[in-house]
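This briefing walks through one protein model, topic by topic. Keep the sequence and the 3D view at hand while reading.

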Amino acid sequence: MTYDRKAVGNEIRKRRLALGLTQEQAAEKIDRALRFYSRIELGDVGMSVDTLLEICGMLKTTPDALLIGKASDDAATNYQWIAEAIVNCPVAKRQTAIDLLKVYLKSI
């Protein structure tokens with residue numbers, strides 16, 4: 001098994017977009033330079049374990065989900081499904097889907 005930086009970067013990008021974050025916001029949340037964060041998403045550079053854990057915290061996921069594409073539990077699997085559904089939602093309806101999810105989650 002090898003560390004595929006491009007695949008990991010793509011997964012990070014997908015999950016960031018699903019959360020509605022810009023690269024600048026994501027870099028700020030993990031206290032890293034925008035240029036460095038951008039290069040992680042592009043797969044141009046690797047990252048330390050500390051940075052990986054910061055990114056996982058920001059994206060509400062696990063290292064295994066990012067590194068090998070497997071969720072460690074059902075919650076992470078469901079999160080990935082929800083994130084992908086929102087990303088694949090038509091742009092005009094994406095914010096409505098996010099707003100509905102927020103309302104629902106506040107009610108439970």
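K6 has a relative accessible area of 47%, so this residue is partly exposed. K6 is one half of a salt bridge whose other half is D44, with 3.9 Å between the closest N and O atoms. The two residues sit in distant parts of the chain, 38 residues apart: K6 belongs to helix α1 (residues 5-18), and D44 to the loop between α3 (34-42) and α4 (49-59). The model shown is a predicted one, and the points below place this pair in the rest of the protein.

**Overall make-up**

- The protein has 108 residues, and 32% of them count as buried.
- Its secondary structure consists of seven helices and zero strands.
- Along the sequence the pattern therefore reads α-α-α-α-α-α-α, with helices numbered from the N terminus.
- Among contacts with a separation of 6 or more, 50% are between residues 24 or more positions apart.
- The accessible surface is about 7,100 Å², and carbon and sulfur atoms make up 56% of that surface.

**Confidence of the prediction**

- The mean pLDDT of the protein is 87, and 90% of the residues reach 70 or more.
- Which elements have the lowest and the highest mean pLDDT? Helix α6 (residues 74-88) has the lowest, at 71, and α3 has the highest, at 98.

**Salt bridges**

- How many salt bridges does the structure hold? There are four, and K6 with D44 is one of the pairs.
- D44 has a relative accessibility of 35%, so D44 counts as partly exposed, as K6 does at 47%.
- K14 pairs with E11, and their closest N and O atoms are 3.3 Å apart.
- K14 and E11 are three residues apart in helix α1, so about one helical turn separates them.
- E11 also pairs with R15, with the closest N and O atoms 2.7 Å apart.
- E11 and R15 are four residues apart in helix α1, which again means a separation of about one helical turn.
- Together, E11, K14 and R15 are linked in a network of salt bridges.

**The surroundings of E11**

- Is E11, a residue of helix α1, buried or exposed? E11 counts as buried because its relative accessibility is 12%, and the cut-off for buried is under 20%.
- R15 is buried as well, whereas K14 is partly exposed, with a relative accessible area of 33%.
- Leaving aside residues up to four places away in sequence, E11 touches A65, L66 and Q80.

**Helix α3**

- Which residues of α3 are buried? They are Y37, S38, I40 and E41.
- These four residues lie on the same side of α3, because they cover an arc of only 155° around the axis.
- The cover over the buried residues of α3 includes α1, α2 (23-29) and α4.
- After α3 comes G43, whose phi is positive, near 80°.
- The loop between α3 and α4 also holds D44, the partner of K6 from helix α1.

**A nonpolar patch on the surface**

- Y3, L67 and I68 make a nonpolar surface patch of about 260 Å².
- Y3 is located in the segment before α1.
- Y3 has a relative accessibility of 40%, so Y3 counts as partly exposed.

**A97 in helix α7**

- A97 is part of helix α7 (residues 91-107).
- With a relative accessibility of 25%, A97 counts as partly exposed, because values between 20% and 50% fall into that class.
- A97 and A85 are 12 residues apart along the chain, and 9.4 Å separates their C-alpha atoms.

**Points to find in the 3D view**

- Start with helix α1 and find E11, which forms salt bridges with K14 and with R15.
- Then find K6 in helix α1 and follow its salt bridge to D44 in the loop between α3 and α4.
- Next, turn to α3 and find the side that carries Y37, S38, I40 and E41.
- Last, find Y3, L67 and I68, which make the nonpolar surface patch.

Note on methods
Residues numbered from 1 in each chain as written. Predicted model: local features only at pLDDT ≥ 70, side-chain atom pairs only at ≥ 80, totals over all residues. Heavy atoms only, no water. Buried < 20%, exposed > 50% of the residue type's maximum accessible area, 1.4 Å probe, protein only. Contact = heavy atoms within 4.5 Å. Areas by Shrake-Rupley, 256 points an atom, 1.4 Å probe, with all protein chains shown as cover. Salt bridge = Lys/Arg side-chain N within 4 Å of Asp/Glu carboxyl O. pLDDT = per-residue confidence, 0-100. Arc of directions from axis to C-beta. Patch = residues over 30% accessible without salt bridge, like charges linked within 9 Å, V, L, I, M, F, W, Y side chains within 5 Å.
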